[in-house]
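Thanks, everyone. I would like to take a few minutes on one model, looking at how some of its helices pack and at one of its pockets.

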Amino acid sequence: MTRAIRVAVVLLLALLAPLAVATTAQAASGPHRLTGQRASSVQAVGTPNAPGGAVKSPRAPAAPSSPAEADPDATTVTVDIGGSKGKGKPSSSVVIILAVTALSVAPAILLLTTSFTKIFVVLSLTRNALGLQSTPPTQVLAGLALFLTLFVMSPVLTQVNNDGVQPYLKGQMTQSQAFDAGVKPLRQFMVSHTRSEELALITKAAQQPRPKNAASVPLSTLVPAFVLSELRSAFVIGFVIFVPFLVIDLVVAAVLMSMGMMMLPPVTISLPFKILLFVLVDGWGLIVQSLVASYR
């Protein structure tokens, strides 16, 4: 055991010996190296032609006159959102911001300023009149209503693009001019499908003066009046759709009562007949045709 300890001590000393020699050599050469560096620095600063070998103090560098002189690699970032007086082609950053903003408010614009509300409500009422709670699915009805809305609103959207969006992107109009020109076709569409009763109701509720004409109606008044008119029209169409299916339910219920089958739900018997009637008269085609024709 004692012999093993001695061998370990000898190995440890053999490993530490080179490290101690290197530390001693560095400490011995340190002052001379530092002195040599100071001497070279003083010699570089001094002027050889000065009398007596005097050393002149170094002159402070001049302050840069511009950021470009201070840092040649520095770049200047400028943001230009248009030409003079708000005109000029907008930058790509502004176009991206406007696109993101339009996408964020697109659901509200789609629901409140187009024919989507009326079409979707009518399709939902048709499904309820048939007695089907989840067939077709709501996603299918929403998709059908969306494409029918694009079909109905395509002339208006094309005019909005030609009158407002494209001139602004080309730098021919300012933001306010493009908005006024682009919203004009949409305003005409909403005015033509808004009842005067709803418009008077919203104007009275807002305590605003009576507008002189349709062009002077503010959007804050026109949009809710348009939505109320669309809901009224949708429920009128829904009532007309409900009547034949209600007759079928009454006939089936009367037949079951006369046969003494009171425990059998009438809906179970009337549902196949309602589906058969709806298919024979091409119900979906008639409803879509009526909805599209109501906006022509």
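I will go through two helix contacts, then two backbone details in loops, and then a pocket.

Please keep in mind throughout that this is a predicted model.

Let me begin with helix α4, residues 116-130, whose axis comes within 9 Å of that of α8, the two crossing at roughly 20°. Because angles under 35 degrees count as roughly parallel, that value makes α4 roughly parallel to α8, and the crossing of the pair is right-handed. On the α4 side the contact includes Val121, Val122, Leu125 and Leu130, and on the α8 side the residues they meet as a group include Leu231, Phe235, Ile237, Ile241 and Phe245. Taken by class, the residues of this contact divide into 12 nonpolar, five polar and two charged, with Lys118 of α4 and Glu230 of α8 among the participants.

The second contact also involves α8, this time with α7, and here the axes lie 8 Å apart at an angle of about 140°. The two helices are therefore oblique to each other, and α7 passes α8 in a right-handed crossing. From α7 the contact takes in Glu198, Leu199, Leu201, Ile202 and Thr203, while α8 brings residues including Leu222, Pro224, Leu228 and Arg232. The division by class for this contact is seven nonpolar, three polar and two charged.

Turning to the loops, which residue has a positive phi although it is not a glycine? That is Gln207, with a phi of about 55°, and Gln207 sits in the loop between α7, residues 196-205, and α8. The other detail concerns the peptide bond from Thr135 to Pro136, which is cis, with omega near -5°; Pro136 belongs to the loop between α4 and α5, the latter covering 138-169.

Finally, the pocket. The second largest pocket holds about 230 Å³ of space, and of the 13 residues that line it, Ile241, Phe278, Gly283, Leu286 and Ile287 lie nearest its centre. The elements giving two or more residues to that lining are α8, spanning 219-258, α9, spanning 266-280, and α10, spanning 283-293. What is the make-up of this lining by class? There are 11 nonpolar residues and two polar ones, with no charged residues.

I would close by pointing again to Ile241, which is one of the α8 residues in the contact with α4 and is also among the residues nearest the centre of the second largest pocket.

Key:
Residues numbered from 1 in each chain as written. Predicted model: local features only at pLDDT ≥ 70, side-chain atom pairs only at ≥ 80, totals over all residues. Heavy atoms only, no water. 1 Å grid on protein atoms, 1.4 Å probe; cavity = no way out; pocket = protein on both sides within 12 Å on 5 of 7 lines; lining within 4 Å. Points joined across faces, edges and corners; volume = space filled by probe spheres on them. Helix = DSSP H or I, 4+ residues; strand = E, 2+ residues; numbered from the N terminus. Nonpolar A, V, L, I, M, F, W, Y, C, P; charged D, E, K, R; others polar. Axes fitted to C-alpha atoms, helices over the stretch in contact; angles between N-to-C directions. Parallel < 35°, antiparallel > 145°, perpendicular 65-115°, else oblique. Left-handed = near helix turned anticlockwise from the far one by under 90°. Contact = heavy atoms within 4.5 Å.
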